[in-house]
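New to this one? Take a slow turn around the model first, then use the notes below as a guide to a few spots worth a look.

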Amino acid sequence: MKNRHLNTATGVYMNYFLLGMVNIMLASNMSYLSEQWDTDSAGISYIIAAIGVGKLLTYAYTGYLSDKIGRKPLVYASAFGMGIFLIGIPLSPSYQLAFVFAILAGVANSSMDAGSYPGLIEIFPNSAGSASVLVKAFMSAGAFLLPFMILFISDHDMFYGYAFFIPAAIYLINMLFLFTVSFPSNPKGKASMPENTTKKSKFKGKPVLRKEGFALILIGFTSTGLFTVSQIWLPSYGQEAVGMSIANSIKLLSYYSLGALISVLVLSVLLKKFLQPITVIMVYPIITFISILTILLVKIPIIVSITAFFIGLSTAGVFQLAITIMTEFFWEKKGTVTGFVATAAGLASIVMPLITGMMSKSGNISIIFIFDAFLSIIGFISAVYVYYRHGQLVDKNKKPEEEKVDFRLNA
């Protein structure tokens, strides 16, 4: 591995570290932004949904561009787009202009994913699963740090926009850094025959897209929905339902992000040894359901803080692992089926803020988390069906070592 490729990976992961901040930036500054644009929490959730619109509209095209012109231009452009978004939001004099900046952030996010995931797989071909899961680790680290940055800015009576400007500056510096590095060329066709032979030989029957494929697409939707709802509404729930202060309610996002960070770091190790992705996507929704049920029934600040940690832990990495299993089943069309799951995730990032924003107008924020618990049940049922179909399709006589390698390909 050449040093310039390791530097490339560093720049890519830095983008996702900052993206972790971006994902909770609007929710964490909801009170400031509501006052600035003369709107309410539902209005801010619609701005968050606009980011999802930008992603959904461009996923297919950015994926095409990634294969056509290479990974670097997309990753480079995504850093620039995110920088513009972060500078523009706190300076936006109107709600309508903020909406435009939010769509730009969605396009930048789509470009980042389209260039970064295949780029990392090509940089680390022998540990593609772990490399992809680490994306979530860096995002969680950024999301963990942001609330403390916001509290520091607030405690020193500084303009709230500095929480936007600091990551924007880092994005633009990283953009310049990415300009100096190179991505490996796409190794099309290399070693494709041995991989295809291994994939084909492990199946007793042919996977069906409308069965297990649809269930995995549904998991892509529910997994994204679960962490989207939590990232938007945990602080509001802490304030309105539990009676926490603004500062302590924002810290819930740090506890959530810490749980997510620990989860993906542990998964990146265990997936290399003995743990199978299909087990994780079935167990995690159960933990999420129990955690949400706990915060609904036990409205004590310390309990809610601990439970926020477990919600973060159990929602992290499920989306990436759904893609892992999807590409295992449909190994001949990895790009296409990855696009299906990513599109479902993009749809969730639009629908969830819209639905929960309307729910918030009822004045009872608990309804939002009851809805979130329902999502976890759907995710669990879908995962059980995938587990059942996997048992029907995969040849159990294959050696465990062979199965583990196949599971970790192209997360």
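## Starting at a loop

Let's begin with Asp-38, which sits in the loop between α2 (30–37) and α3 (41–69). Its phi is near 55°, a positive value in a residue other than glycine. Is Asp-38 buried or exposed? With 72% relative accessibility, Asp-38 counts as exposed. Keep in mind as you look around that this is a predicted model.

Asp-157 is another residue with a positive phi, about 50°, although it is not a glycine. You'll find Asp-157 in the loop between α6 (128–155) and α7, and its relative accessibility of 75% makes it exposed.

## The whole protein

Now zoom out. How many helices and strands does the protein have? The secondary structure comes to 16 helices and 0 strands. There are 411 residues, and 56% of them count as buried.

The chain also meets itself across long stretches of sequence: among contacts with a separation of 6 or more, 84% are between residues 24 or more positions apart. On the outside, the protein exposes about 16,900 Å², with carbon and sulfur atoms supplying 68% of that.

## Helix α7, inside and out

Helix α7 covers residues 162–180, and its length can be checked with a little arithmetic. At 1.5 Å a residue, its 19 residues should span 27 Å, and the end C-alpha atoms are 28 Å apart, which agrees. The buried residues of α7 are Ala-163, Phe-164, Pro-167, Ala-168, Tyr-171, Asn-174, Met-175 and Leu-178. Looking down the axis of α7, those buried residues fall within an arc of 125°, so they line one face of the helix. Here's the background: an α-helix has 3.6 residues a turn, so residues three or four places apart point the same way.

What about the face turned away from the buried side of α7? That face carries the exposed residues Ile-173, Leu-176 and Thr-180.

## A nonpolar patch on the surface

Which residues make the nonpolar surface patch of about 770 Å²? They are Met-14, Ile-87, Leu-91, Phe-152, Met-158, Phe-159, Tyr-162, Ile-166 and Ile-170. Two elements, α4 (71–91) and α7, each give two or more residues to this patch.

The largest share, 3 residues, comes from α7. Tyr-162, one of the patch residues, is found in α7. At 39% relative accessibility, Tyr-162 counts as partly exposed.

## Two salt bridges

A search of the whole structure turns up 2 salt bridges. As background, side chains of opposite charge can pair when their charged atoms come close.

One of the bridges joins Lys-361 and Asp-40, whose closest N and O atoms are 3.2 Å apart. This pair links distant parts of the chain: Lys-361 is in the loop between α14 and α15, Asp-40 is in the loop between α2 and α3, and they are 321 residues apart. Lys-361 counts as exposed at 53% relative accessibility, while Asp-40, at 35%, is partly exposed.

The side chains of Glu-212 and Arg-389 also meet in a salt bridge, with 2.6 Å from N to O. Glu-212 lies in helix α9 and Arg-389 in helix α15, so the pair ties together parts that are 177 residues apart in sequence. Glu-212 is buried, with a relative accessible area of 0%, and Arg-389 is buried too, at 9%. What else does Glu-212 contact, leaving aside neighbours within four places in sequence? Besides Arg-389, the list is Lys-206, Pro-207, Phe-329, Phe-330, Tyr-385, Val-386 and Leu-393.

## Far in sequence, brought together

Ser-360 belongs to helix α14 (residues 334–360) and, with 18% relative accessibility, counts as buried. Leaving aside neighbours within four places in sequence, Ser-360 is in contact with Ser-41, Ala-42, Trp-233 and Ile-368. Ser-360 and Ser-236 are 124 residues apart in sequence and 9.8 Å apart in space, C-alpha to C-alpha.

For one last stop, find Ile-377 in helix α15 (residues 366–393). Ile-377 is partly exposed, with a relative accessible area of 35%. Between Ile-377 and Ile-286 there are 7.6 Å in space, C-alpha to C-alpha, although the two are 91 residues apart in sequence.

Definitions and conventions: Residues are numbered from 1 along each chain as its sequence is written. This is a predicted model: local features need pLDDT of at least 70, side-chain atom pairs count only at pLDDT 80 or more; totals for chains, interfaces and linings use all residues. Side-chain values use heavy atoms; hydrogens and water are left out. Helices (H or I, at least four residues) and strands (E, at least two) are DSSP runs, numbered from the N terminus. The expected span of a helix is 1.5 Å times one less than its number of residues. Buried means under 20% relative accessible area, exposed over 50%, partly exposed in between (1.4 Å probe, protein chains only). The arc is that of the directions from the helix axis to the C-beta atoms. Patches are made of residues with over 30% relative accessible area and no salt bridge: like charges are joined within 9 Å, nonpolar side chains (Val, Leu, Ile, Met, Phe, Trp, Tyr) within 5 Å. Accessible areas come from the Shrake-Rupley method with a 1.4 Å probe; for residues, only the protein chains shown count as cover. A salt bridge is a side-chain nitrogen of Lys or Arg within 4 Å of a carboxyl oxygen of Asp or Glu. Contact means heavy atoms within 4.5 Å.
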